[in-house]
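Grab a pencil and work through these exercises one at a time. Try each task yourself before you read the solution under it.

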Amino acid sequence: MAKNCAFVIGINKYNRIQPLNYAKTDAEKMRGYFLHKLGVDPNDLYFFSDDSPPDSHGVDTIPTYGNLISFLGDRFAEPFLNPGDTLWFYFSGHGIPHEGRDYLLPIDGNPRTVPNLAIPITYITERLRRSGADNIVLFIDACRSTGQRNAGLGIGEEKQQGVITFYSCSPSQVSYEIEEIQQGAFTHVLLNGLQIQGESNCATVERLYNYLRHQVPQLTLKHKNYIQTPYAAIEPATKLHYILLPKSANDRDISALREDAFHAEIEGNFDLAFQLWVRVNVAAGGQDMKAITAFQRLANKQSQSQQEQRREAEAQGQKIAAAKTRELTVDLGQGITLELVRVPAGKFTMGMPPEERQIALENALKYNVKREDVERWLDWSTPQHEVYLQEFLMGKYAITNAQWYAVMKTKPSEKYDKKFQGDKQPVVGVSWHEARAFCEKLSEQTKRAVRLPTEAEWEYACRAGTTTPFAFGKTITTDQVNYDGNYPYGDAPKGKYRECTVNVDSFFTPNAWGLYQMHGNVWEWCLDEFHDSYSEKPAHLKNNGNEPWGELNVSKEDNRAYICRGGSWYTDAFYCRSALRGRSFAHVQSDDLGFRVVFGSCSPGLS
């Protein structure tokens, strides 16, 4: 049985801006509809208003910025709904656009300080998607006034990924409150529409949208002599026929949704097809044989698709491996080897491109990271500069537990859970000093110069000729990289959060130069001492692109900050970018920090 969950906010008495008259009333009436008409369990309805008491768990429900952000962060940290379930979000209050993004203002919000003390709608929808429901519906009754045509604050035209959003008015209009009915025009019509019975009901997105666009302008013309026209942002557009109210759906509604499900399936959009078939089955009372058959068909198609992707990845890996005839394998004894890849000499532009900065900033801010912290991380990766590097040999993989034991005869990963201790998992729990000690001991065994990579070498090898944020393109997925899939980058979907390292050869596709997992899994120590930006590089090293920034002869007591690169299993995708520079103190040992090695001396290049 499909489940409904609702999150309702209504704000009249703003602290710093024009108050509203009926936003709280509208929210209370919507709460009543969800509870008594739609049958939402009281434990699954979250209500915030000017004077609402703490909920049954003691959560403060006054809609301040801090309360709303905390609730969104805590309640939607883990999935608690299932495919086929619907999450309804209703907001009545002030909204405002700022630099191309739409924001809702909490009770302590101020349009003069946006984006501070304002909540991006994109952030709200990102958190709601974490609920696990595949059907998320937003009703935004914002841009409101007490009757003066230009008094509304306004919102823009953003579409929210995978979400059906009904806005109370068009961006250039005002959302009116009607004194005669003591409600907002949009919410009054919305409640009427949701409760219509019979053939003219508003069970589907399309019929509800048409009803709102016809009835709301009539109501505002009658009472205000102005037109207010709601609009909907439907993403994806195929959800126009989506069934919002399964109990009211008729055979034509179910048939139209079946056609959309078939079409999504034919186009290979299996996730969307599954969502639509689930809704078909819910509307049909759970006994729709076409839907039940489709579930099995989709499972088979997805399995076939995954097998094809695996074969393609293996073929690509074999192709790259065949081209890497210059790779070197070092015997560490007892059947353990260390594979190296020859990285060609060349020139590259080191650092973060200017066009990447804004995208990276917006991506990080979606996840409630402090802006000043993000700006600092981004500044570390500037300014861009050209670096020329000579050829060098780099580890194909990060150093594994088995390789570490073969050289050092210790097991540092044993400090952590067993899920970090596999032979082919990267060694973790080693400090910068310990990583260098491994290099020194391996140098003694192989009679070759072994060291940590400089950060210029690391970024050059990671990029492998690319200029995009990742070696795989503009974004990554958890099928390519081991990171916290709850926090993707760009337009990538959410993915897995494995909560530990994986084997260094777990993914089938290396970068173009044959190096594996330069993004994610573990941060990797570099030889260089950390400085706040490339412009802070010591003067005597300005022209030596692949020489480390710090002196090589450091004492074991040294605890300066050193560079680490690549992000890890624990981090957001943001931190896995090719340009991103991390830092850690030399003595730090962590379960997401490892390293790989370079064979060869630090020969200077030109920058």
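**Exercise 1. At what angle do helix α4 and helix α5 pack, and how far apart are their axes?**

Keep in mind that what you're looking at is a predicted model.

Step 1. Two packed helices are described by the angle between their axes and the distance between the axes.

Step 2. Find the pair: α4 covers residues 185-194 and α5 covers residues 205-224. They pack at an angle of about 135°, and their axes are 9 Å apart.

Step 3. Now put a word to that angle. Angles over 145 degrees would count as roughly antiparallel, and 65 to 115 as roughly perpendicular. An angle of about 135° fits neither, so α4 is oblique to α5.

Step 4. Add the handedness: α4 and α5 make a right-handed crossing.

Step 5. Look at who does the touching. On the α4 side, the residues include Phe-186, Val-189 and Leu-190. On the α5 side, Leu-208, Leu-212 and Val-216 are among them. Sorted by class, this contact has 10 nonpolar, 5 polar and no charged residues.

**Exercise 2. Work out how α2 and α3 are arranged.**

Step 1. Helix α2 spans residues 65-75 and helix α3 spans residues 121-129. Their axes come within 9 Å and cross at roughly 30°.

Step 2. Angles under 35 degrees count as roughly parallel, so that is the label for α2 and α3.

Step 3. The crossing of α2 past α3 is left-handed.

Step 4. From α2, the residues Ile-69, Leu-72 and Gly-73 take part, and they meet Tyr-123, Ile-124, Arg-127 and Leu-128 of α3. Counting by class gives 5 nonpolar, 1 polar and 1 charged residues.

**Exercise 3. Is Asn-363 buried or exposed, and what does Asn-363 touch?**

Step 1. Locate the residue: Asn-363 sits in helix α9, residues 354-365.

Step 2. Check its accessibility. Buried means under 20% relative accessible area. Asn-363 has 4%, so it counts as buried.

Step 3. List its neighbours, leaving out residues up to four places away in sequence: Pro-488, Tyr-489, Gly-490 and Phe-574.

Step 4. Zoom in on one of them. A polar atom of the Asn-363 side chain lies 2.8 Å from the backbone nitrogen of Gly-490.

**Exercise 4. Track down some unusual backbone spots.**

Step 1. Start with the usual pattern: most residues other than glycine have a negative phi, and most peptide bonds are trans.

Step 2. Go to Lys-447, which isn't a glycine yet has a positive phi of about 60°. Lys-447 lies in the loop between α12 (432-446) and β18 (450-451). With a relative accessible area of 72%, Lys-447 is exposed.

Step 3. Next up is Gln-517, another non-glycine residue with a positive phi, near 55°. Gln-517 belongs to the loop between α13 (455-463) and β19 (523-529). At 13% relative accessibility, though, Gln-517 is buried.

Step 4. Now check a peptide bond. The one from Thr-382 to Pro-383 is cis, and its omega is near -10°. You'll find Pro-383 in the loop between α10 (371-380) and β16 (385-389).

**Exercise 5. How many helices and strands does the protein have, and what percentage of its residues count as buried?**

Step 1. Count the elements: 13 helices and 23 strands.

Step 2. Of the protein's 607 residues, 56% count as buried.

Step 3. Finally, take contacts between residues at least 6 apart in sequence: 73% of them join residues at least 24 apart.

Technical notes
Residues numbered from 1 in each chain as written. Predicted model: local features only at pLDDT ≥ 70, side-chain atom pairs only at ≥ 80, totals over all residues. Heavy atoms only, no water. Axes fitted to C-alpha atoms, helices over the stretch in contact; angles between N-to-C directions. Helix = DSSP H or I, 4+ residues; strand = E, 2+ residues; numbered from the N terminus. Left-handed = near helix turned anticlockwise from the far one by under 90°. Contact = heavy atoms within 4.5 Å. Nonpolar A, V, L, I, M, F, W, Y, C, P; charged D, E, K, R; others polar. Buried < 20%, exposed > 50% of the residue type's maximum accessible area, 1.4 Å probe, protein only. Polar contact = N/O pair within 3.5 Å; in protein donor to acceptor, adjacent residues only side chain to side chain.
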